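Hi,

Here is the structure I promised to pass on. Have a look at it first, and my notes on what turned up follow below.

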Amino acid sequence: MSEMVVIEEEHLVESIADALQYISFYHPMDYIKALGEAYEAEMNPAAKDAIAQILTNSKMCAEGHRPICQDTGIVNVFLKWGQNCRLNSDKSLQDVVDEGVRRGYNNPDNKLRASVLADPAFTRRNTKDNTPCVLDVEMVPGDTVVIDVAAKGGGSEAKSKFKMMNPSDNIVDWVLEMIPQMGAGWCPPGMLGIGIGGTAEHCVKLAKKSLMDPIDMGQLKARGPQNDIERLRIEIFDKVNAMGVGAQGLGGLATVLDVKIFDWPCHAANKPVAMIPNCAATRHAHLTLDGSGPAYIPAPDLSAWPDVGWKPSKEAKRVDLDNLTREEVQGWKNGDRLLLSGSMLTGRDAAHKRIADMLEKGEELPVEFKNRAIYYVGPVDPVMGEVVGPAGPTTATRMDKFTDMMLDLGLIAMIGKAERGQGATEVIAKHKVAYLMAVGGAAYLVARAIKDAKVVAFEDLGMEAIYEFRVEDMPVTVAVDSEGNNVHTLAPLVWRDKIAKEHLLPAT
């Protein structure tokens with residue numbers, strides 16, 4: 001046996017901290033290349049505009065070293081620990097890795113949002129530093145420690161699916177059944193990670209680990225599949241894109257950029273299948289420790305980003321939020337693109353829950369909502385003179401159960417990410433107001449439209465406090481108009497039929 005390799009605690013901590021900073025502002029280049037190709041091919045102007053925002057946001061973040069998304073994720077760390085390596089520490093491996101997470105998220109030059117809550121079923125207390133991470137360790141032969149680090153956003157993680165299938169059940173049929181149920185809250189176009197086999201918990205882990213692999217669907221289709229798994233990847237990829245969901249659920253050609261599949265032997269009576277999407281903030285990095293010091297990832301070449309340079313659409317209507325009326329809102333149609341200027345309030349889950357509790361107790365609310373717009377967001381803390389950190393939208397369906405209550409308080413517009421549920425859509429139509437969609441995955445770009453930000457209520461809730469933002473030309477799309485017409489329902493149907501009739505994608 002060769003001499004034992006010593007991995008110093010500090011080297012592991014520093015490597016993980018640096019990797020988490022890196023993936024907060026640099027997309028993997030395989031994703032940027034695939035997204036750039038999707039942008040060039042896209043035929044739906046609304047979807048093309050959304051992809052342009054994501055690509056422009058990505059380059060801005062790479063240049064400014066600020067988070068791609070305000071949801072900087074829950075950390076997943078996969079370690080392949082060489083059996084000839086020893087960790088020089090008196091701490092547990094979990095504690096050492098968590099120190100890397102803590103250091104990475106609290107970096108004063110690019111402080112990342114803490115989203116991890118302890119006591120998840122009850123008090124849901126924020127741990128303040130995004131620890132603990134979800135750690136997976138595999139002991140393997142060798143003299144190195146191979147590390148995959150990922151930061152998984154809550155919106156895409158929420159769309160995870162699992163089914164303990166019967167052996168005769170069809171996997172492709174199940175995937176196609178799940179896609180409409182997932183909606184657009186996972187911020188397509190992204191990747192689908194699929195696990196097949198093992199046991200229930202191992203199957204889900206396979207799906208998550210598959211997302212660490214680079215995007216190679218273009219190369220795979222060019223050379224042709226060489227085994228059943230590759231054939232299945234291509235079939236799912238083609239059939240999902242033929243559904244016409246498109247970028248941000250707005251309808252179009254690119255719903256997924258790749259499909260990854262890992263499998264494992266399973267019991268004869270079972271066929272477990274799991275699916276986890278990766279969102280537009282695809283964040284993962286790969287590094288190796290060999291005992292010589294920390295591992296750092298070289299910065300990518302900024303010239304490799306597509307030269308998109310998103311600009312507001314000439315067709316977009318300019319809206320003055322400070323003088324917005326119900327009559328103007330009722331003139332908007334689903335699919336309209338707007339540029340918002342003026343003052344808006346913010347609020348998400350915790351703030352909505354507190355408002356509900358105060359109303360039930362008969363307490364006076366600290367904010368007036370009449371004739372206002374509310375933005376569902378939990379921004380990153382500002383640094384270096386910023387008004388606010390990256391401030392992209394959060395998944396709007398989480399606020400569905402509070403919608404009737406908030407509209408009764410006088411709100412006339414809501415802004416969030418992805419679709420609304422059918423119940424909320426009906427409530428919006430009843431109140432003759434509108435729901436507007438901002439692009440998930442364009443948080444830094446959106447933050448540039450915010451010219452002033454101040455907390456106006458519930459300061460103790462941190463990033464979930466109610467802010468008042470003053471914005472200039474913030475881009476949004478009318479997702480649900482005052483008649484209840486829902487772009488996330490209607491546009492994918494149009495594009496599914498268009499793809500089929502005009503043969504816009506390869507035959508499936």
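Let me start inside, with the largest cavity: its lining divides into 12 nonpolar, three polar and two charged residues. Keep in mind throughout that this is a predicted model. The space in that cavity comes to about 120 Å³, and 17 residues line it. Nearest its centre you will find Asp49, Gln53, Arg337, Pro475 and Val476. Helix H3 (45-64), strand E14 (337-346) and strand E19 (466-480) are the elements that give two or more residues to this lining. H3 has the largest share, with four residues.

In total there are three cavities of 30 Å³ or more. The second largest has a volume of about 50 Å³. Among the residues lining the second largest cavity are Lys152, Met212, Cys279, Arg283 and His284. By class, that lining has five nonpolar, four polar and two charged residues. Strand E7 (residues 145-152) provides its largest share, three residues.

Now for the pockets. The largest pocket holds about 1,300 Å³ of space. It is lined by 48 residues, and Ser115, Leu117, Arg348, Met463 and Glu464 are the closest to its centre. What is the lining made of, by class? It splits into 17 nonpolar, 16 polar and 15 charged residues. Helix H5 (154-157) and helix H11 (349-361) each supply at least two of the lining residues, and the largest share, four residues, comes from H5.

The second largest pocket has a volume of about 500 Å³. Of its 22 lining residues, Ala34, Glu37, Ala38, Phe237 and Leu257 sit closest to the centre. Here the division is 12 nonpolar, three polar and seven charged. Helix H2 (29-41), helix H8 (217-223), helix H9 (228-241) and strand E10 (256-264) each put in at least two residues. H2 gives the largest share of this lining, six residues.

E7, which you met at the second largest cavity, also belongs to an open sheet of four strands, in the order E6-E2-E7-E12 with mixed pairing. Which strands are at the edges? Strand E6 (134-140) and strand E12 (284-289) are, as each pairs on one side only. Ignoring direction, neighbouring strands of this sheet are turned by 15° against each other on average. Strand E2 (residues 74-82) runs parallel to E6, and the two pair over seven bridges. To find your place there, look for phenylalanine 78, which stands opposite aspartate 136 in E6.

Last, the cysteines, in case you were wondering about disulfides. There are zero disulfides in the structure. For cysteine 85, the nearest cysteine sulfur is that of cysteine 133, 19 Å away, and cysteine 85 is in no disulfide. Is cysteine 85 buried or exposed? It is buried, with a relative accessible area of 8%. Cysteine 187 is likewise in no disulfide, and the nearest cysteine sulfur, that of cysteine 279, is 5.8 Å away. Cysteine 187 is buried too, at a relative accessible area of 5%. Cysteine 279 may ring a bell, since Cys279 is one of the residues lining the second largest cavity.

Have fun with it!

How values were computed. Residues are numbered from 1 along each chain as its sequence is written. This is a predicted model: local features need pLDDT of at least 70, side-chain atom pairs count only at pLDDT 80 or more; totals for chains, interfaces and linings use all residues. Side-chain values use heavy atoms; hydrogens and water are left out. A disulfide is a pair of cysteine sulfur atoms within 2.5 Å. Buried means under 20% relative accessible area, exposed over 50%, partly exposed in between (1.4 Å probe, protein chains only). On a 1 Å grid over the protein atoms alone, a cavity is a set of points where a 1.4 Å probe fits but cannot get out, and a pocket is an open set with protein on both sides within 12 Å along at least five of seven lines; lining residues have an atom within 4 Å of a point. Grid points are joined across faces, edges and corners, and a volume is the space filled by probe spheres set on the points. Ala, Val, Leu, Ile, Met, Phe, Trp, Tyr, Cys and Pro count as nonpolar, Asp, Glu, Lys and Arg as charged, and the others, Gly among them, as polar. Two strands pair if DSSP finds at least two bridges between them. Axes are lines fitted to C-alpha atoms, for helices over the stretch in contact, and angles run from 0 to 180 degrees between N-to-C directions.
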